[in-house]
Amino acid sequence: MVVSPAHPAKAGWTFVKPSVVPGFGLTFGYTLLYLSLIVLIPIIGLFLKAAQVPLEDIVRIATAPRTLNALRVSFGASFIAALVNIVFGLIVAWVLVRYKFPGRRLMDAVVDLPFALPTAVAGIALSTLYAPKGWIGWLVSANGPLHLGWKIAYTPTGIVIALIFIGLPFVVRTVQPVLEEFEAELEEAAATLGANRWQTISMVILPRLMPAILTGFSLAFARAVGEYGSVIFIAGNLPNVSEIAPVLIVIKLEEFDQAGAAVIAGIMLVIAFVMLFVINLIQAWARRRFGDV
Amino acid sequence: MYEQDDLVYDSRRPILPSDHTRPTTERDWIKRTLIGIAIVFMLAVIVLPLVLVFVEAFRKGAGEYFSTFGDPQSQAAIRLTLLVAAIAVPLNLVFGVAAAWCVAKFEFPGKAFLTTLIDLPFSVSPVVSGMVYVLLFGAQGFLHPWIKGTNIEIIFAVPGIVLATIFVTFPFIARELIPLMQDQGNGDEEAALSLGANGWQVFWRVTLPNIKWGLLYGVLLCNARAMGEFGAVSVVSGHIRGKTTTMPLDIEILYNEYNFAAAFAVASLLALLALVTLIVKTILEFRYGDELAGTRKH
């Protein structure tokens, strides 16, 4: 496949479009080799493992109450966390783009912290913060000044908190650039035509942000479904109640039940793929309906 | 960007009566409420956890804090983390440059598919990323017969930790360089070639200087993730203290032993790394924003 740089205009079909720049054979070959060794062969191994499991065992593992509950907790908590992130991520992005206030640049930089902070560190910090004696956990507990009696850590709510932490930057960083490039003329036109501010926001601005919001939602959701490190400390990991699917996979592996682990991993990949596919369809619809932003 | 004054709300500017009637901005109390909600939310979810790491680490005083790092097991964890990053980051750096060169500088069928495959590790759960190597090299694994006779240990040993770390940090550098090199095009390289430079000279003297800030940016993010990876490493490590525990795994063990001060002391080092990463990242975006590709992505 190496193209001779001396004859860039050589006629006929070649795999790579002729170019004077050298190095295609070397870089393409190395890319394929490294990609195969590190990513492709191991992932094919996972599917081979799952395919070796007899069908009745796959059904038995997949329909076990503990498996179903773990999947329900994982996908349910991820969905709620992504919804919360849409609301607050939109507010944060809006405030960062539209308003000037002291500390705005700092807030802008801090949004990326969940990308940089190791998940285990986030996990123990969130768990301590939202535990019944933690700063926020105490504030909302029955003993706190507000007498709310809420329990956050070691319940499914704690899982949602950890997943909100993990997903927030995805929503902010997809909505923010679109909001920055939003044409002022559209808002001015809406105002000229007699819309009040709320009508302009809900009928002009939000629909145009829809594709970006959905992209942020699906990125946050996809990340949350597989999340492990930040969740295990705050979750309590009680089977059937606050046990997420990745934790169940780890437990199966520790019990040397590789077939069980591979089946649950396969189910997670398939459900996540289907949900992302549906979201992509909605997104394509939103693009057609609300315009490409 | 909204640079026009009439669209930008400045809390330090005196409020004029006309502010309340301006049709393309919100009422003042709404602005203040939204800013308040954003600040409270960011504090509760992101800032307070970070502050708490350092408060808890120093709860029993600086002496106790520094004594954690005298513990041989924590020292071994720090050394292992540095070793793993020192292997994983350069390997992914070489791959990232090679992948970006072939994707950005050439046209060939299946290019979009190749870039999707490169991004694949981002969409896989960390637990699954570790598990794929257990299924290959573990006791019942496909490749286990190959290594059984030899002295090589992969799962529950350092090579497995390195492999899992390479897997999860695989796309970082390639993903930063591909759009950047696509934007820059082949013009500079073609000019150098026509002036008689050979391929390596073009790479070292023309391409590398063009992409250096993007490369640094990618290496920075790759390194932060490599040192902080937990889920994938946890699955392949076996948690043998002093031997196969990286810093995040050491944090887990200390925390589960109710040794909170030590857990947060080790965590504070990783939090510091995250802060330095964020600061350098912000500086790079601010000064060399046009020479980076994914300034708003990761």
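What follows is a short chat about chain B of a predicted model and its contact with chain A.

Student: What does chain B have in helices and strands?
Tutor: Chain B has 13 helices and one strand. In sequence order, the pattern is β-α-α-α-α-α-α-α-α-α-α-α-α-α.

Student: Is chain B compact or spread out, next to a globule?
Tutor: More spread out than a compact globule, because its radius of gyration is 24 Å, well over the 19 Å from the globule rule for 298 residues. The C-alpha trace spans about 85 × 65 × 35 Å along its principal axes.

Student: And how many of the residues are buried?
Tutor: 44% of the 298 residues in chain B.

Student: What about contacts far apart in sequence?
Tutor: Take contacts in chain B between residues at least 6 apart. Of these, 71% join residues at least 24 apart.

Student: New topic. How many residues does each chain put into the contact?
Tutor: Chain B gives 84 residues and chain A gives 79 residues.

Student: Which helix supplies the largest share on the chain B side?
Tutor: Helix H1 of chain B, residues 28-57, with 17 residues. The chain B side divides into 59 nonpolar, 13 polar and twelve charged residues.

Student: Now H3(B) and H8(B). How do their axes cross?
Tutor: At roughly 30°, and the axes come within 8 Å. Angles under 35 degrees count as roughly parallel, so H3(B) and H8(B) are roughly parallel to each other. Their crossing is right-handed.

Student: Which residues meet there?
Tutor: From H3(B), they include B:Phe95, B:Val97 and B:Lys105. From H8(B), B:Phe172, B:Leu177 and B:Met181 are among them. The residues of this contact divide into 13 nonpolar, three polar and one charged.

Technical notes: Residues numbered from 1 in each chain as written. Chains lettered and ligands numbered in written order. Predicted model: local features only at pLDDT ≥ 70, side-chain atom pairs only at ≥ 80, totals over all residues. Contact = placed C-beta atoms within 7 Å. Helix = DSSP H or I, 4+ residues; strand = E, 2+ residues; numbered from the N terminus. Nonpolar A, V, L, I, M, F, W, Y, C, P; charged D, E, K, R; others polar. Axes fitted to C-alpha atoms, helices over the stretch in contact; angles between N-to-C directions. Parallel < 35°, antiparallel > 145°, perpendicular 65-115°, else oblique. Left-handed = near helix turned anticlockwise from the far one by under 90°. Rg over C-alpha atoms; globule rule 2.2 N^0.38 Å. Buried ≥ 20, exposed ≤ 12 C-beta atoms within 10 Å, placed from the backbone.
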